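Here is a short walk through one protein model. Keep the sequence and the 3D view side by side as you read.

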Amino acid sequence: MKYFAALAPMKDAQKSKEYRQQHLDFLRDQREAGNVFMYGRFADGAGGLVIYQGESLEAVEEIVRQDPYVTSGARHFEIHEWDMQTDYTIQS
């Protein structure tokens, strides 16, 4: 299983407010399905970050495209594979 960081920068603040509950319900369902590791919004209001778990970038992108924030046009998205470090050592 790989981890993927999905950045969700703000595109339309009004739509973000309108679709917030649907977005949160989507994330809850994805977490229960084992697809979401963690998530949260940026304190400055610029958007949010979701850490997905999946087999491939394509599989995670398919899930992200179903997020109500994305389908409504409230947020953009950008996904990167995340090499999570658990031993807290800096690797160069």
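What covers the buried residues of α2? Hold that question for a moment, and note that the model is predicted.

Start with the helix itself. Helix α2 spans residues 57-64. Three of its residues, V60, I63 and V64, are buried. Look down the axis of α2: the buried residues fall within an arc of 100°, so they line one face of the helix. A general rule fits here. An α-helix has 3.6 residues a turn, so residues three or four places apart point the same way. Now turn to the face of α2 that points away from the buried side. There you find the exposed residues E58 and E62.

Back to the question. The cover over the buried residues of α2 includes three strands: β1 (2-9), β3 (47-54) and β4 (78-82). It also includes the helices α1 (13-32) and α3 (68-71). Take V64 as an example. Leaving aside neighbours within four places in sequence, V64 is in contact with A6, Y52, V70, F77 and I79.

Next, the sheet. Four strands form an open sheet, in the order β2-β3-β1-β4, and the pairing is antiparallel. Its edge strands are β2 and β4, each of which pairs on one side only. From one strand to the next, the twist averages 15°. In general, strands of a sheet pair through backbone hydrogen bonds, either parallel or antiparallel.

Follow β3 through its partners. On one side, β1 and β3 run antiparallel and are joined by eight bridges. Within this pair, A6 has V50 of β3 as its bridge partner. Strand β2 (residues 36-41) also pairs with β3 in the antiparallel sense, over five bridges. Here M38 stands opposite I51 in β3. The hairpin of β2 and β3 has five residues between the strands. One residue in this hairpin, G45, takes a positive phi near 80°. How many residues of β3 are buried? Seven of its eight are, which leaves β3 mostly covered.

G40 provides another marker in the sheet: it stands opposite L49 in β3. Two helices pack on this sheet. Helix α1 touches β2 and β3, and its direction makes about 155° with that of β2. Helix α2 touches β1, β3 and β4, and its direction makes about 130° with that of β3.

Now look at the nonpolar core. The largest one has twelve residues in all: F4, A6, F26, L27, V36, V50, Y52, V60, I63, V64, V70 and I79. At least two residues of this core come from each of β1, α1, β3 and α2. Helix α2 supplies the largest share, three residues. In soluble globular proteins, nonpolar side chains tend to be buried together. The bridge partners A6 and V50 both belong to this core. So do V60, I63 and V64, the buried residues of α2.

One last stop is S16, in helix α1. Is S16 buried or exposed? S16 is buried, with a relative accessible area of 4%. Setting aside neighbours within four places in sequence, its contacts are M10, Y69, A74 and R75.

Key. Residues are numbered from 1 along each chain as its sequence is written. This is a predicted model: local features need pLDDT of at least 70, side-chain atom pairs count only at pLDDT 80 or more; totals for chains, interfaces and linings use all residues. Side-chain values use heavy atoms; hydrogens and water are left out. Buried means under 20% relative accessible area, exposed over 50%, partly exposed in between (1.4 Å probe, protein chains only). The arc is that of the directions from the helix axis to the C-beta atoms. Contact means heavy atoms within 4.5 Å. Two strands pair if DSSP finds at least two bridges between them. Axes are lines fitted to C-alpha atoms, for helices over the stretch in contact, and angles run from 0 to 180 degrees between N-to-C directions. A nonpolar core is a set of buried Ala, Val, Leu, Ile, Met, Phe, Trp, Tyr and Cys residues joined through side-chain atoms within 4.5 Å.
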